Amino acid sequence: MQQSKYVDTNGIRQEFFTDGKLSAEGPVVNGKQHGEWKFFYRNGRPRAAGNFIEGEMDGYWEWWREQGSLWQTGYFNRNVQTGTWKRYHPNGQLSDEGDFTDGKKSGEWTSYDPDGTIKKIKVFKSKS
């Protein structure tokens, strides 16, 4: 459960876990998330970071696992996944990568074993 220290319309908003630890923080414009936001695990490590425009995820985002390793990266266009996305194994090796078009996997996606060896290549066709 989270508690928030809200800013009515403009400024920096901070959100807290019930134990008082920071869970999220970022700018608010006209009452909506707008700009770079950071989200945290209870242990204080980063959980996610990315940009909002008028309350919608927009631009580059990163997510981490609770122990600190990078989990995935990708882009949004107004809450819709777009462009290149990558996910990583806990050891830091690439797990899979490919593109999103209008929120759906598109084109060639490559999956890798934890040692970096290609495991599978799958082609996603757009549905017209």
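Partly exposed denotes a relative accessible area between the buried limit of under 20% and the exposed limit of over 50%. The model used in these exercises is predicted.

**Exercise 1.** Classify Tyr75 and Tyr60 as buried, partly exposed or exposed.

Solution. Tyr75 has a relative accessible area of 38%. This value lies between the two limits, so Tyr75 is partly exposed. For Tyr60 the relative accessible area is 37%, so Tyr60 is partly exposed as well.

**Exercise 2.** Find how many aromatic pairs there are, then classify the pair of Tyr60 and Tyr75.

Solution. Ring centres must lie within 6.5 Å to pair, and the count comes to 14 aromatic pairs. The centres of the Tyr60 and Tyr75 rings are 5.3 Å apart, with the planes at 55°. Planes under 30 degrees apart would be stacked and over 60 edge-to-face, so this angle makes the pair tilted. Tyr60 belongs to strand E7 (residues 56-64) and Tyr75 to strand E8 (residues 70-77), and the pair links parts of the chain 15 residues apart.

**Exercise 3.** Classify the pair of Trp63 and Phe76, and place both residues.

Solution. The ring centres of Trp63 and Phe76 are 6.1 Å apart. Their planes stand at 65°, so the pair is edge-to-face. Trp63 is in strand E7 and Phe76 in strand E8, so the pair ties together parts 13 residues apart in sequence. Both Trp63 and Phe76 are buried.

**Exercise 4.** Which cluster includes Trp109, and which charged end sits over its ring?

Solution. Ring pairs join Trp109 into a cluster whose members include Trp63, Phe76, Trp85 and Phe124. The charged end of Lys105 sits over the Trp109 ring, 4.6 Å from its centre.

Definitions and conventions: Residues are numbered from 1 along each chain as its sequence is written. This is a predicted model: local features need pLDDT of at least 70, side-chain atom pairs count only at pLDDT 80 or more; totals for chains, interfaces and linings use all residues. Side-chain values use heavy atoms; hydrogens and water are left out. Rings of Phe, Tyr and Trp (its six-membered ring) pair if their centres lie within 6.5 Å; planes under 30 degrees apart count as stacked, over 60 as edge-to-face and the rest as tilted. Helices (H or I, at least four residues) and strands (E, at least two) are DSSP runs, numbered from the N terminus. Buried means under 20% relative accessible area, exposed over 50%, partly exposed in between (1.4 Å probe, protein chains only). A charge sits over a ring if NZ of Lys or CZ of Arg is within 6 Å of the ring centre and within 35 degrees of the ring normal.
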